[in-house]
Structures are given as C-alpha cells and as structure tokens.
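Trainee: Could you pick a single part of this model and walk me through it closely, along with whatever surrounds it? I would like to see how one piece fits into the rest.

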Amino acid sequence: KAVRSKVEATRSYGGEVVLADADLVGTMRSLQAERNLVVVSPFDDPEVIAGAGTVGDEIRDEVPQADVILDGVGGGGIVSGVAVAALVRRPGIRVIGVEPVGAAAMRLSLDRGSPQKLSKTDTVADGLAAPMAGDLTYEHVRRLGIEIVTVPDSAIVDAMWTIIERCKVVAEPAAAAGLAALISGAAAVDPGSSVVCIVTGGNVDREKLRSLA
C-alpha cells in the first residue's frame, strides 16, 4: 500500500498516480499498451544502476576505511550500483543487501538460481516491496557476491525509531532496513569493523508514524 504522503507529493508535482488493488505489474502493462507508453524501471535499468553507483563513490570518498556497506533492497538497483563502485575502489569490501521477510524477492532468486516474482508482498517497508527481482540486478548481486539477508518488520520499525530518536532524522521504514540488520544481528559483522548504513527515503507521514508507535 502506497503511503499517502508519497501519493500526495507525486500529484502535487504534477504526476499522475494510478493505484492498483492487486496486480501492480499487470496494471502497468495494461496502461502501457493502452497509452503506448515507455516503461522505465525504477531499478532494473543500467542507467538507474549507474546513477546509484554515485552513492558508492561518495561512501568511499567520505568513509574510505569502510569495511561493510548495508543497504535495503527492493528491486536491487541501489545495492547493485553501490557494489560496483565500492568494489572497484576497495576490492573485498562487504556489501550486504537487506530485505524484509515479507518481500524477499532477491533472496528467493538467489536460492532458486534465477530472478523470481513474488505472488504477494507483506511488509511495513513499502519502499522495499518490489514484486520481483530484476534480471540485471539479480546478475549484479550474484556475480558481485553481494550478501542478501532478511529481517522481520519488527526489526525494521525498531531501527526506524532508533534513527529518529538518536540521529534526529525522519526515515521511512525502508530506509531503516540496513540498520535493522546490523542491530538485530541478521548481518554478521566483526567487532571493530567500520560500517556504513545507507539511509535513503523519508516518505512517512503522521498517520504512518502513529500506526508504528
């Protein structure tokens, strides 16, 4: 379910929002055919992945001693780009992608050996609820050795509130997935390691925060 603030913000910028009750991909394809539209994937596109790679470059510039990078995974675009940039500049750095238990398409894909589509997703982290792993992103994750772990929604919510309370940053649940894996132990990190958690996304409104309190 899309967060109301995301929908309202998109519309305020002049974008059209089409809400789907169930089959998101099916609805998209119907609109594409009906209107002769061009589909631009939010994650499974080489230029999108390359753009995300600039995050990896920034991390290496700002934290050159980083041993581990943790990032939430929806379709896998950000973690793929970050891994390419980070590994080029520091071979051996660990890049760990984090998925909600209820939307773990990339973990399922790695387990089955090919990109998989989920029949449904169930997570508080709507920003990580991509219904499938992309072909390109799956290959990036597999070939680059990106680790993929999963965390329950409870860990994500706890991490979100930790970021709000300790860092004074309003992060949406999806943005807290990396820290959730670190705090919960889902991502095993050696003591003394220099760890970077990517926090991206602040689309959470008062109604959502109240429901997660």
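Mentor: Happy to! One definition to begin with: helices here are DSSP runs of H or I with at least four residues, strands are DSSP runs of E with at least two, and both are numbered from the N terminus. With that in hand, let's take α8 and work outwards from its end, where glycine 185 follows the helix with a positive phi, near 90°. Please keep in mind that this is a predicted model.

Within α8 itself, Ala177, Gly178, Leu179, Ala180 and Ala181 are buried. What lies over these buried residues? The cover includes the strands β1, β2, β3 and β4, together with helix α7. Two of the alanines, Ala180 and Ala181, also appear among the residues that touch the most other members of the largest nonpolar core, a set of 26 residues; Leu70, Ile96, Val98, Val151 and Ile156 complete that group. Two or more residues of this core come from each of β1 (68-72), β2, β3, α7 (153-167) and α8 (177-184). The biggest share belongs to α7, which supplies seven residues.

Leucine 70 is a good place to see how these pieces meet. Beyond its neighbours within four places in sequence, leucine 70 contacts Gly178, Ala181 and Leu182, and its other partners include Ile96, Val98, Val195 and Val196. There is also a second, separate core, with 19 residues, among them Met106, Ile148, Val196 and Ile198.

Now for the strands that help to cover α8. They form an open sheet with parallel pairing, in the order β3-β2-β1-β4. At its edges are β3 (147-151) and β4 (195-197); each has a single partner strand, so one side of each has no neighbour in the sheet. On average, neighbouring strands of the sheet are turned by 25° against each other, with direction ignored.

Inside the sheet, β1 and β2 run parallel and are joined by five bridges. One of the residue pairs is isoleucine 69 with its bridge partner valine 95 in β2. On to the next pair: β2 (residues 94-100) is linked to β3 by five bridges, and these strands run parallel. Here glutamate 99 has threonine 150 of β3 as its bridge partner. Is β2 mostly enclosed or open to the outside? Six of its seven residues are buried, so β2 is largely enclosed by the rest of the structure. Another helix, α5 (residues 105-112), lies across β2 and β3 and runs at about 130° to β3.

Let's step back to the whole chain. It has nine helices and four strands, and their order from the N terminus is α-α-α-β-α-β-α-α-β-α-α-β-α. Contacts reach far along the sequence: of those between residues at least 6 apart, 73% join residues at least 24 apart. Buried residues account for 40% of the 213 in the chain. The radius of gyration is 17 Å, which agrees with the value near 17 Å for a compact globule with 213 residues. Along the principal axes, the C-alpha trace spans about 55 × 40 × 30 Å. As for the outside, the accessible surface is about 11,500 Å², and carbon and sulfur atoms hold 51% of it.

Conventions. Residues numbered from 1 in each chain as written. Predicted model: local features only at pLDDT ≥ 70, side-chain atom pairs only at ≥ 80, totals over all residues. Heavy atoms only, no water. Pairing = 2+ DSSP bridges. Axes fitted to C-alpha atoms, helices over the stretch in contact; angles between N-to-C directions. Contact = heavy atoms within 4.5 Å. Rg over C-alpha atoms; globule rule 2.2 N^0.38 Å. Buried < 20%, exposed > 50% of the residue type's maximum accessible area, 1.4 Å probe, protein only. Areas by Shrake-Rupley, 256 points an atom, 1.4 Å probe, with all protein chains shown as cover. Core = buried A, V, L, I, M, F, W, Y, C linked by side-chain atoms within 4.5 Å.
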